[in-house]
Amino acid sequence: MKNWLRLTLVTGFYGLLFVVFTWPLATQFTTAFPTVPGHDSLLYAWNFWYFREAVMSGINPFHTDWLLYPWGSSLVMHAYMPLLGVLNLVLDNALLTINIGLLLSYALSGTGAYLLCRRWVRSPVLALLAGVIFAYSPYKLMRLPDHYNLVLTATVPFYVMAFLDAFAFEPGRLLPRVRSWRAVGWCFVLGLITLACDYYVTFGLLYFSLAYALWYWLRLGSVNWRRWQTWLRLAVILTVSHILIKQLHHFGVPDNDGPWWGGDVVSYLMPPPTSQFLDFEWAQRLYLNPKVFNMPGSLEMILFMGYSLLALGLLLVVWPNRPASLRRLDAGGRPLAWVLLFFVMLTLPTLRIYGKQRLNLPTGLLHFIPFFNNIRCPTRWVMMVGLLLPVVSFSALEALWRPRLRPALQTGLSVLLLGVVLFEYWPKPMHLTSTADVPAVYDEVAQLPGTTLFPIPFGIIDGYRKLGEVQTEQFFYQTRHHKKLPIGYFSRIKPEIFDAFRQDTVLGRLLTLQTRPDTLPPPLPTTTQVQTFLRTYQPAAFVVHPDYQNQPVHRYLCQMLAPLGYTERQIGGYLLLAKTGKAE
């Protein structure tokens, strides 16, 4: 079979899995997208819609005042994914852009992992399985309807292959020898494409490069693990790093809570709640157990790679007199087992076992380095474990069974393993949000004069602070009504904006009643204060969510606005407050 045809079939296989796992998305490809209600995914439709709006209007697409109006915010650290924004320049359909981007990313992620595995694994079935594990691991499937930026991993295996072709390292030598400038160019291009998708995935490429180089810089390939002195040195390193990290905490050196977000060893054994067949009751209890996880119920706690793959890896580690694999015999592939271990340690910066912190690992020191400590969700590096573990394991598996088993039996066992992994990974049906889900009140808002829509509830949130409540559906609705919003949800928001929210008389009082409805209602602001508020935000209308109707914040808002000619109407369960006449 010709190579191009083989790759087409392989890519088609991974694309078909996407269709099956997200069904019935394929029947609504232009009008719906996978989401988790109330979560971040609803913001991504806004990303691609706004990118096109900004470019077509001739303004900077990396800054906006359409959210967090009137202050605005930079979109550089916003999981903005401008690469897909460029795609939407052509498609002019944010939902279609999302679905095409996800389909291509999953299909190409699988194909890239397949090609990487084929460097050292002869079985096409095992290589196909490697692509399934990298593209459709529970980590990726849980984020498919939630964190689109973190699943845009198509460049990762291709970068690894280009990196291996580009450089030749020598033990003890700092700089590698360039083997292919063309491959160096591909590393650069793939790095830029990745940067235009997500900075976490970009750091995955950087950490891979660093870990690979460390193998040679530290001469890890020449370490003799049969000598007691080697184990003594390792014990000293672990002890020193543990004490050093404790002292850094003691002296208040900031780590941006990276180790706090770190995984637990049991996370590798806990099936995700999205699993169709393995979402056991004990797993549900464990997932929500605050004694085990600092953030129970968070998808950041999912490290599950499947029982079959984990058992296979452990079995191969302890198998006596196992012959050397093709990967181990290849100088370029030999460091990958160490790189795999490095990424496992990144997911567990503090070795935590069932909620008990046992040891601060050396990788935890990265969280004390300025700039690097912005990468503060270490469990996300399980993405790279999903790429490297199959390569290392399947190459070792072939070395073990090729002299012992007939080719037909090897193929049969490979197909069986593929089936078992698909069974373990198979997700529950995903929730889809469509254009038909936008409440009718927002079509009414679109017809009103004015600059902004003021929603109740409202608030601002970033990676460190939260004030009020932000309903992420509002960002999706904005693509329909085209009014600016005073709310915002960004990776970083200036502290002064939080202060401004609290100090504004009208905002501050509404926030108090919204978050603490049992509080004694404060006095109404003066007419001058209300008019200043209205001049600042220029609202076309206020929309009150059904859950907040007849609550103190709603009643206070009505009392404040009624003298200025505002009246309310019920539209599809929402209350619309708009100015319909002059104040008396």
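Helices and strands are here DSSP runs, with at least four residues for a helix and at least two for a strand, and they are numbered from the N terminus. With that naming in hand, Pro-457 can be placed in the loop between β9 and β10 (459-461) of this predicted model. The chain is divided into domain 1, residues 109-432, and domain 2, residues 438-579, and the points below look at how these two parts meet, at one helix, at one tyrosine and at some features of the backbone.

**The two domains and their interface**

- The centres of domain 1 and domain 2, taken over C-alpha atoms, are separated by 44 Å, and the contact between the two involves four residues of domain 1 and four residues of domain 2.
- The size of an interface is often given as the accessible area lost when the parts come together. For domain 1 and domain 2 this buried area is about 310 Å², and carbon and sulfur atoms give 22% of it.
- On the side of domain 1, Tyr-199, Asn-374 and Arg-376 supply 84% of the area buried against domain 2, which is more than any other three residues supply.
- Two residue pairs are in polar contact between domain 1 and domain 2, both at pLDDT 80 or more, while the rule finds zero salt bridges across this interface.
- Sorted by residue type, the side of domain 1 that touches domain 2 consists of one nonpolar, two polar and one charged residue.

**Helix α23 and its surroundings**

- Helix α23, which spans residues 552-561, is mostly covered, with seven of its 10 residues buried.
- The buried residues of this helix are Pro-552, Val-553, His-554, Tyr-556, Leu-557, Met-560 and Leu-561.
- These buried residues of α23 pack against two helices, α21 (505-515) and α22 (527-537), and against the strands β9 (452-456), β13 (539-544), β14 (566-571) and β15 (574-579).
- Asn-550 lies in the loop between β13 and α23, and this residue has a positive phi of about 65° although it is not a glycine.
- Asn-550 counts as exposed because its relative accessibility is 55%, and the cut-off for exposed is over 50%.

**Tyr-69 and the residues it touches**

- Tyr-69 is found in the loop between β2 (63-64) and β3 (73-74), and this residue counts as buried because its relative accessibility is 10%, where buried means under 20%.
- Leaving aside residues up to four places away in sequence, Tyr-69 touches Thr-451, Thr-452, Lys-484, Leu-485, Pro-486, Thr-536, Tyr-537 and Gln-538.
- With one of these, Thr-451, the separation along the chain is 382 residues, although the two C-alpha atoms are 9.6 Å apart in space.
- With another, Gln-538, Tyr-69 forms a polar contact of 3.1 Å that joins the two side chains.

**Backbone features elsewhere in the chain**

- The peptide bond from Trp-23 to Pro-24 is cis, with omega near 15°, and Pro-24 lies in the loop between α1 (3-22) and β1 (32-34).
- A cis peptide bond also joins Ile-456 and Pro-457, where omega is about 15°, and Pro-457 is the residue placed above in the loop between β9 and β10.
- Asp-92, a residue other than glycine, has a positive phi near 50°, and its place is the loop between α3 (82-91) and α4 (94-118).

Terms used
Residues numbered from 1 in each chain as written. Predicted model: local features only at pLDDT ≥ 70, side-chain atom pairs only at ≥ 80, totals over all residues. Heavy atoms only, no water. Buried < 20%, exposed > 50% of the residue type's maximum accessible area, 1.4 Å probe, protein only. Contact = heavy atoms within 4.5 Å. Domains from an automatic or database assignment. Buried area = accessible area lost by both parts, 1.4 Å probe. Salt bridge = Lys/Arg side-chain N within 4 Å of Asp/Glu carboxyl O. Polar contact = N/O pair within 3.5 Å; in protein donor to acceptor, adjacent residues only side chain to side chain. Nonpolar A, V, L, I, M, F, W, Y, C, P; charged D, E, K, R; others polar.
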